[in-house]
Amino acid sequence: MAAGDDLFNPGTDDAGSGLSVKTLLPKLLPGGVPAREWLEQRRATIRPWGPFLDQRRFARPRNLGDLCQRLVRNVEHYQSNYVFVFLGLILYCIITSPMLLVALAVFFGACYILYLRTLQSKLILFGREVPPAHQYALAGAVSFPFFWLAGAGSAVFWVLGATLVVIGSHAAFHQLESGEAEELQMEPV
């Protein structure tokens with residue numbers, strides 16, 4: 001890779017663009033461009049937050065069939081909103097855990113240093129070139145004790161549990177709109 005190349009736009013020189021979220025975020029996300037496009041697609045298909053959070057639209061389901069119908073339809077209908085609820089819970093967990101912030105800073109700092117180093121020259125260790133994937137694995141191994149001390153495992157399970165409770169209860173208790181309710185009527189057998 002030449003000095004002016006970046007990860008996803010070979011041949012472009014962004015030395016004058018400065019550091020911004022739009023220039024750094026694609027380089028930090030795995031997969032880069034597809035992840036950014038997926039997130040933009042989620043933002044484009046987000047439903048209005050007013051009806052999503054309207055308390056008058058919450059009620060107990062009449063029976064198990066109604067509960068299942070609500071779960072399926074609400075997850076389909078509010079899928080993008082639920083993605084942002086999940087991201088919000090992740091952000092809350094990171095912000096409220098200072099040690100986790102330190103561990104993430106160590107990991108992303110090491111990855112960024114490795115990224116800058118690979119732009120300058122290839123890393124040669126014991127006469128062999130070390131591929132970038134192995135370098136990033138080493139960064140993960142170095143930052144693993146920080147994640148362990150920060151309780152990252154419990155944070156992951158807290159986020160998953162909180163997401164299931166919040167999204168599951170919203171999807172179960174949020175009433176379907178009148179047009180959606182008749183669309184999926186189940187017939188008794």
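The exchange below goes through a predicted model of a single chain, from its overall fold to individual side chains.

Biologist: How many helices and strands does the chain have, and which pattern do they follow along the sequence?
Modeller: Counting the elements of the predicted model gives 9 helices and 2 strands. Read from the start of the sequence, the order of these elements is α-α-α-α-α-α-β-β-α-α-α.

Biologist: What percentage of the residues count as buried?
Modeller: The accessible surface of the chain is about 13000 Å², and carbon and sulfur atoms contribute 68% of that area. As for contacts in the chain with a separation of 6 or more, 74% of them join residues 24 or more positions apart. Taken over the 189 residues of the chain, the share that counts as buried is 25%.

Biologist: Where does UniProt place the feature "transmembrane region", and how much helix do those spans hold in the model?
Modeller: The record, an unreviewed entry, places this feature at residues 82-115 and 136-160. In the model, the end C-alpha atoms of residues 82-115 are 33 Å apart, while strand accounts for 0% of that span and helix for 94%. For residues 136-160 the end C-alpha atoms lie 26 Å apart, with strand again at 0%. The helix content is therefore 94% for residues 82-115 and, for residues 136-160, 96%.

Biologist: Which helix gives the largest share of the nonpolar surface patch?
Modeller: The patch, of about 640 Å², is made by M99, V102, F144, F146, W148 and L149. Two elements give two or more residues to this patch, namely α6 (98-120) and α7 (132-150). The largest share, 4 residues, comes from α7.

Biologist: Is F146 buried or partly exposed?
Modeller: F146 is found in helix α7 and is one of the residues that make the nonpolar patch. Because its relative accessible area is 31%, F146 counts as partly exposed.

Biologist: Which residues does N81 contact, leaving aside its neighbours within four places in sequence?
Modeller: N81 is found in helix α5, which covers residues 79-95, and its relative accessibility is 0%, so N81 counts as buried. Once the neighbours within four places in sequence are set aside, the contacts of N81 are I46, R47, P48, W49 and F52.

Biologist: Which residues form the aromatic cluster?
Modeller: The structure holds 8 aromatic pairs. Two members of the cluster, W49 and F52, are also among the contacts of N81. The full cluster consists of W49, F52, Y78 and Y82.

Biologist: How far apart are the N and O atoms in the salt bridge of E40 and R43?
Modeller: Both residues lie in helix α2 (residues 33-44), where a spacing of 3 residues amounts to about one turn of the helix. E40 is partly exposed because its relative accessibility is 43%, whereas R43, at 51%, counts as exposed. The N to O distance between their side chains is 3.5 Å.

Biologist: Are D66 and R70 buried or exposed?
Modeller: The model has 4 salt bridges in its count, and one of them joins D66 to R70, with the closest N and O atoms 3.6 Å apart. The two residues are 4 residues apart in helix α4 (residues 64-77), again about one turn of the helix. Both D66 and R70 are buried.

Biologist: What is the relative accessible area of R56?
Modeller: The side chain of R56 meets that of D54 in a salt bridge, at 3.2 Å from N to O. R56 counts as exposed because its relative accessible area is 71%.

How values were computed: Residues are numbered from 1 along each chain as its sequence is written. This is a predicted model: local features need pLDDT of at least 70, side-chain atom pairs count only at pLDDT 80 or more; totals for chains, interfaces and linings use all residues. Side-chain values use heavy atoms; hydrogens and water are left out. Patches are made of residues with over 30% relative accessible area and no salt bridge: like charges are joined within 9 Å, nonpolar side chains (Val, Leu, Ile, Met, Phe, Trp, Tyr) within 5 Å. Accessible areas come from the Shrake-Rupley method with a 1.4 Å probe; for residues, only the protein chains shown count as cover. Buried means under 20% relative accessible area, exposed over 50%, partly exposed in between (1.4 Å probe, protein chains only). UniProt positions are given in the numbering used here, feature names are shortened, and annotations may be inferred rather than shown by experiment. Rings of Phe, Tyr and Trp (its six-membered ring) pair if their centres lie within 6.5 Å; planes under 30 degrees apart count as stacked, over 60 as edge-to-face and the rest as tilted. Contact means heavy atoms within 4.5 Å.
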